[in-house]
Amino acid sequence: MLIDGKLIEGQAGMFANINPATETVIGEVSDASAADMQRAIDAARRAFDETGWSVDRKFRQRCLLQLQEALEAEKEDLREELIAEAGCPRAITHGPQLDAPLSDGLTYPAELIDGYAWDTDLGDALVSVTGMNTRRRVWREPVGVVGAIVPWNFPFEVTIHKLGQALATGNTVVLKPAPDTPFNATRIGRLIAEKTDIPAGVVNVVTASDHLVGEELVISPKVDMISFTGSTAVGQRIMEKGAATMKRLFLELGGKSATIVLEDADFALGCMMGIAPCMHAGQGCANPTRLLLPRSRYAEGVEILTGIYSGVAPGDPQDAGTLCGPVINARQRDRIRGYINAGIAEGATLSVGGPEVPDGLETGFYVRPTLFTDVDNSMTIAQDEIFGPVLVVIGFDDEDDAVRIANDSRYGLAGNVMAGSVEHALAVASRLRAGFIGINGTAGYGADTPFGGYKASGVGRQNGTAGFDQYTEIKSVAYPAN
């Protein structure tokens with residue numbers, strides 16, 4: 001682990017990192033105790049309060065670019081590491097798992113430092129409460145110590161976006177990776193210690209098998225903000241536990257996103273969007289796992305989707321042709337199979353897949369890509385986030401009905417609209433209660449684009465100037481005008 005500038009072992013010993021494709025141990029990592037986490041918090045607090053990190057913007061910019069250079073030098077090692085510990089298909093590392101976030105996750109916030117509105121002059125005004133002619137300014141300052149808690153599904157992508165924006169804005173960070181995918185985080189910690197001028201304590205990387213070690217960040221009065229990506233249930237717990245110390249929160253949580261395929265859409269392309277839950281075995285919070293088809297073309301769509309799903313087989317993530325690899329662990333595999341059984345029990349039609357072990361994949365945490373049709377939106381499989389390779393297909397009567405079904409969810413993270421024209425799709429998108437909408441097969445995700453959700457999908461936004469803003473506090477300053 002990295003604590004206060006030193007690479008150290010954890011007090012709780014070591015724990016194994018398991019390859020989900022093979023169920024073999026690929027290595028061990030230090031296991032932190034609660035006391036280790038407290039030392040990391042103390043180091044981050046000192047680094048914020050006692051060093052110039054929070055005020056020296058040019059220095060922060062230089063350090064971020066040093067880390068960028070160090071990561072680029074070890075990119076291929078990091079790629080192999082992600083495939084092994086996350087089970088992510090090799091092809092996806094050339095996109096959202098590695099190459100895409102590495103291209104701008106640090107460089108965008110580093111560049112934004114120069115043009116950001118750190119100091120806004122509101123001009124002079126005669127203030128009635130004082131009777132004085134007053135100059136008003138608004139300063140943006142870092143929040144302080146940020147606890148960054150990262151999930152296992154896209155571990156590097158989430159980590160690098162949290163670090164980039166939190167550090168660029170002058171905060172110090174305690175990073176807690178998921179116990180299922182610790183190696184990418186410990187690599188970042190080593191590179192920070194060995195290849196950058198980032199001062200001791202500015203970034204701390206604490207690995208622990210016990211999730212309650214991470215909760216030390218939430219309850220500590222020395223931590224000013226929690227930046228969490230993960231399940232809605234854990235996000236709710238963080239809100240509750242963090243209330244006592246009035247934590248600032250960024251919570252990017254679950255989703256049950258819908259793709260609406262309208263009657264005038266390129267229908268084949270719209271149905272192809274249904275393959276999304278197969279990517280990385282459905283382990284993506286923004287995956288569109290509900291596909292909404294017009295009843296007038298429902299049978300046609302089901303036939304296309306059945307053909308697609310019949311042709312997708314889970315496989316070795318090391319294979320460049322694999323789309324659907326394993327899920328992260330046995331508990332997650334069994335949970336997904338439970339949802340598939342629930343769908344069958346509630347009366348949905350199992351068109352492809354099922355709860356059985358995929359042929360030839362008795363070792364590894366694999367789930368069959370599964371297609372449910374004749375689904376009612378009230379069913380469990382249409383309401384709960386399954387986080388596996390499961391698509392539910394729902395019919396709608398007209399455009400209003402499609403919007404109603406899409407919005408009939410506790411979640412509001414993302415969605416897609418497929419229509420015959422961009423203008424038509426945008427009109428429907430404006431009616432959806434979700435934070436990230438793709439039109440006709442596009443997706444705008446990147447370091448400059450705010451990402452986050454409505455309703456139970458979270459609080460705040462990752463990336464863009466909106467994400468940058470949330471790692472800052474606002475200070476209004478007034479003084480006599482000349």
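**Exercise 1. State how the chain divides into domains, and how far apart the domain centres are.**

Step 1. Read the bounds, which come from an automatic or database domain assignment. Domain 1 covers 2–253 + 457–480, and domain 2 covers 258–439.

Step 2. Take the centres over C-alpha atoms: 32 Å separate domain 1 from domain 2.

Step 3. Look at the contacts (heavy atoms within 4.5 Å). Here 27 residues of domain 1 touch 29 residues of domain 2.

A note on the source: this is a predicted model, in which local features need pLDDT of at least 70, side-chain atom pairs count only at pLDDT 80 or more, and totals for chains, interfaces and linings use all residues. Residues are numbered from 1 along each chain as its sequence is written, and side-chain values use heavy atoms, with hydrogens and water left out.

**Exercise 2. Describe the largest pocket and explain where it lies relative to the domains.**

Step 1. Fix the term. On a 1 Å grid over the protein atoms alone, a pocket is an open set of points with protein on both sides within 12 Å along at least five of seven lines; a cavity is a set where a 1.4 Å probe fits but cannot get out; lining residues have an atom within 4 Å of a point. Points are joined across faces, edges and corners, and a volume is the space filled by probe spheres set on them.

Step 2. Give the volume: about 980 Å³.

Step 3. Find the lining. It has 41 residues, and Trp-152, Phe-228, Gly-230, Ser-231 and Val-234 lie nearest the centre of the pocket. Helix 10 gives the most, with six residues. Helices (H or I, at least four residues) and strands (E, at least two) are DSSP runs, numbered from the N terminus.

Step 4. Place the pocket. Domain 1 and domain 2 both give residues to its lining, so the largest pocket lies between them.

**Exercise 3. Work out the lining of the second largest pocket by class and by domain.**

Step 1. This pocket holds about 780 Å³ of space. Of its 32 lining residues, Met-279, Ala-286, Asn-287, Phe-436 and Ala-443 lie nearest the centre.

Step 2. Sort by class. Ala, Val, Leu, Ile, Met, Phe, Trp, Tyr, Cys and Pro count as nonpolar, Asp, Glu, Lys and Arg as charged, and the others, Gly among them, as polar. The lining divides into 20 nonpolar, 10 polar and two charged residues.

Step 3. Check the domains. Each of domain 1 and domain 2 supplies at least three residues.

**Exercise 4. List the cavities of 30 Å³ or more and their linings.**

Step 1. There are two.

Step 2. The largest has a volume of about 120 Å³. Its lining has 17 residues, with Arg-290, Ala-406, Ala-414, Arg-433 and Ala-434 nearest the centre. Eight are nonpolar, five polar and four charged.

Step 3. The second largest has a volume of about 50 Å³. Among its lining residues are Lys-256, Cys-285, Asn-287 and Glu-385.

**Exercise 5. Trace the pairing in the open sheet of three strands.**

Step 1. The order is 5-6-22, with antiparallel pairing. Strands pair if DSSP finds at least two bridges between them. Strand 5 (119–127) and strand 22 (472–480) are the edges, each pairing on one side only.

Step 2. Eight bridges join strand 5 to strand 6 (residues 132–142). Asp-121 has Arg-137 as its bridge partner, and Thr-120 stands opposite Val-138.

Step 3. Strand 6 and strand 22 pair over nine bridges. Here Arg-137 stands opposite Val-477.
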